[in-house]
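Thanks for making the time this morning. I would like to walk through the ligand and the pockets of one model, so please have a look at it first.

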Amino acid sequence: MEANQEKIFEEKLAKGLKIEPKDWMPENYKKQLIRMISQHAHSEIVGMLPEGNWITRAPSLRRKSILLAKVQDEAGHGLYLYSAAETLGIDREELLDQLLTGKAKYSSIFNYPSLNWADIGAIGWLVDGAAIMNQTMLARGSYGPYSRAMIRICKEESFHNRQGYELILSMAKGTKEQKEMAQDALNRWWWPSIMMFGPPDDMSPNSADLVKWRVKLESNDELRQRFIDRTVPQAEFAGLVVPDKDLKWNAERGHYDYGKINWDEFFSVIKGNGPCNIERLNTRQKAHNDGAWVREAAMAYAAKQRKTVAA
Ligand code: FAQ
């Protein structure tokens, strides 16, 4: 019986069809998806913090409304993704518990501080840019609810990316001080952004399963290279310098060669030792505790509604 179900599952993958929540799936497929989707959801929620930090200090009403809309979008993405994970039979409370107790990871990038206003541009340009590069691929992945979530999320990320580049561009073309701020932001966000794609392929233990099951259609290094190839000319157009002395166009490969990535830093950040890990987790724990009354009120209201309907 199980062999037959596995055969149907494999055939669907081979035909590029989607696997839906009620379909049979291998336990490890489910486990990998829960890990990845929940890590992604946590990243969206924790990812609100570096930008949320600047909402009250946005330099104009226009910039403030753009930033507010963006941060709200990230909250929506998180909720959307928790729902996608829940279709695999785990509930949100358990997922949140994994985040709040430090058991589950979230993207390394959000453990870096946003120090100046140009960082808001750098996050949209580089972080959302990297996120889109990865998520456009995930939108073609095999698990229906996750791949469909990616389509909508990518549309919003595309707005996030453009507003970030537009911000960086206006600072880079602004006063000398503004240009210096934009360059400083690029200097600090460049390497963490290219680390977002995950460890190199030969150090990526999850890739084999994820590629086999068509959740990932491209490797960490392939996506990283594409991001670099696309982003370097944008930096040049803005008159900014990518902080990598080994960066060089390689005509033979048709790609940029780039310098050595500090993987020790990456692994240290994902182990909890980045510049802001403790602060981010404390902020989320506080928000969760402060919101307890809202959850209790919603539950009490739902119970009251159920009673009314039953009567
Ligand atoms: N950070 O074997 P692999 C966003 C972990 S959304 C932390 O290569 P995999 C939107 C990995 O979990 C950004 N940990 O793993 C936004 C694994 O550990 P585990 C988030 C990382 O899954 C913008 C170990 O290293 N996007 O930014 C990272 O095959 C602005 C070995 O790695 C997603 O989550 C990392 N960067 O590939 C929001 C997309 N990379 O779990 C607000 C979905 C690796 O075995 C503001 N996820 N690790 O203990 C993915 O595509 C994949 O999971 C990868 C990692 C590519 C992130």
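How far does a polar side-chain atom of Gln39 lie from an oxygen atom of the ligand? The distance is 2.8 Å, and I count a polar contact as a pair of N or O atoms within 3.5 Å. Before going on, I should say that this is a predicted model, in which local features need pLDDT of at least 70 and side-chain atom pairs count only at pLDDT 80 or more, while totals for chains, interfaces and linings use all residues. Residues are numbered from 1 along each chain as its sequence is written, and side-chain values use heavy atoms, with hydrogens and water left out.

Lys216 also reaches the ligand, with an N or O atom of its side chain 2.6 Å from a ligand oxygen, and for Asn220 the distance from a polar side-chain atom to a ligand oxygen is 2.9 Å.

Turning to the pockets, the ligand takes up the space of the largest one; here a pocket is an open set of points on a 1 Å grid over the protein atoms alone, where a 1.4 Å probe fits, with protein on both sides within 12 Å along at least five of seven lines, and lining residues have an atom within 4 Å of a point. Its lining comprises 47 residues, with Arg35, Gln39, Ser43, Ser107 and Met196 nearest the centre.

The second largest pocket holds about 300 Å³ of space, and among the residues that line this pocket are Tyr82, Arg92, Glu93 and His288.

Key
Polar contact = N/O pair within 3.5 Å; in protein donor to acceptor, adjacent residues only side chain to side chain. Sits in = over half its atoms within 2 Å of the grid points. Points joined across faces, edges and corners; volume = space filled by probe spheres on them.
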